[in-house]
Amino acid sequence: MQLITIRDALQQWCRDIDDIDARILLQHVLNVSHAHLIAHAEQALDSKQAQSFRLLAERRTRGEPVAYLIGKREFYSLGFTVTPAVLIPRPETELLVDLALARIPLDLPWKILDLGTGSGAIALAIAKHRPLANIVAVDFSADALAVAKINACQLDVNNARFIEADWFGDFNGERFNLIVSNPPYIADGDPHLTRGDLRFEPHLALAAENEGLDCIRSIIAAAPAHLVVGGALLLEHGYDQAEACRRLLSEAGFERIFSRPDLAGIPRVSGGALEIA
Ligand SMILES: C[S@@+](CC[C@H](N)C(=O)[O-])C[C@H]1O[C@@H](n2cnc3c(N)ncnc32)[C@H](O)[C@@H]1O
């Protein structure tokens, strides 16, 4: 194969993909910084590098998410391994972590439950920032939990444990100070599921029946039996689900119910506290 430079590889093989995505893929293959690509645009790729990059560029052209192609994604300034077994952590989910950290004292061994942990993004971000807290992270998918455990190891977290369960399935009477969740909330059949990155992400992580509210409804209904008095539940939800969440929280006996917008101004997290067990 004829040698190709960084500049030519980006120009010739990445016509149909976003320039930033192309550069991230090439940085990954060459294991260099963004600055290196700019400063060494005339550097030639060896044949193995050229072959790997061309393949990744083709897969990206077919729509595969960059995070799956390079096997990682940053969340809450932490590096997470991601595979097609887990949802790619989203920036808007950082709001849920912010709101959780605002409640969890630094000096108390609070018990925290993360339902539907996926890559472990929420659980591990909380665990890193609250070393005294005990985090339990649940998922229905054994493959997702395997990824979350790899992330716990890579991030050197030892105050989180991982349980395979159907939401609260295995917690007989165990009570938590705080329950957090980013459950599946896209309505089954929503056309977005057939577009962009979502086509490649696990259906189990994305979609829920009854206008996307099924998982949210199950979690809210069962949460009071798993919270201490004064404990709280925080849930991420879809752009048009805040009102329904607040109503469900109220029906389940929660008080001090609120919704908070993400950086785009969209109501994204709702929650409440349980004043009576
Ligand atoms: C939207 S993803 C959230 C992943 C991760 N917490 C995040 O925010 O990036 C929802 C997760 O819930 C899990 N899940 C779906 N149904 C479940 C159930 N019945 N019990 C436990 N986990 C479930 C999925 O496997 C998926 O990992």
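## Ligand surroundings

A residue counts as near a molecule or strand if one of its heavy atoms lies within 4 Å of it. In this predicted model, 17 residues surround the ligand, and Gly116, Asp139, Asp166, Asn182 and Ala205 come nearest.

Backbone N or O atoms make polar contacts with the ligand (pairs of N or O atoms within 3.5 Å; within protein, one must be able to donate a hydrogen and the other to accept it, and residues adjacent in sequence count only if both atoms are side-chain atoms). Such an atom of threonine 117 lies 3.3 Å from a ligand nitrogen atom, and one of alanine 165 lies 3.4 Å from a nitrogen atom of the ligand. For glycine 118, the backbone atom is 3.5 Å from a ligand oxygen atom.

## Helices α1 and α4

Helices (H or I, at least four residues) are DSSP runs numbered from the N terminus. Helix α1 (residues 6–13) packs on helix α4 (residues 47–61) at about 30°, with the axes 11 Å apart. Axes are lines fitted to C-alpha atoms over the stretch in contact, and angles run from 0 to 180 degrees between N-to-C directions. The two helices are therefore roughly parallel (an angle under 35 degrees).

In contact (heavy atoms within 4.5 Å), Ala9, Leu10 and Trp13 of α1 meet Ala50, Phe53, Arg54 and Ala57 of α4. This contact has 6 nonpolar, no polar and 1 charged residues. Ala, Val, Leu, Ile, Met, Phe, Trp, Tyr, Cys and Pro count as nonpolar, Asp, Glu, Lys and Arg as charged, and the others, Gly among them, as polar.

## Helices α6 and α7

Helix α6 (residues 94–103) and helix α7 (residues 121–129) pack at about 35°, their axes 10 Å apart. Leu96, Val97, Ala100 and Leu101 of α6 meet Ile122, Ala125, Ile126 and His129 of α7. By class, that contact has 7 nonpolar, 1 polar and no charged residues.

## Basis

Residues are numbered from 1 along each chain as its sequence is written, and side-chain values use heavy atoms, leaving out hydrogens and water. Local features need pLDDT of at least 70, side-chain atom pairs count only at pLDDT 80 or more, and totals for chains, interfaces and linings use all residues.

How values were computed. Angles under 35 degrees count as roughly parallel, over 145 as roughly antiparallel, 65 to 115 as roughly perpendicular and the rest as oblique.
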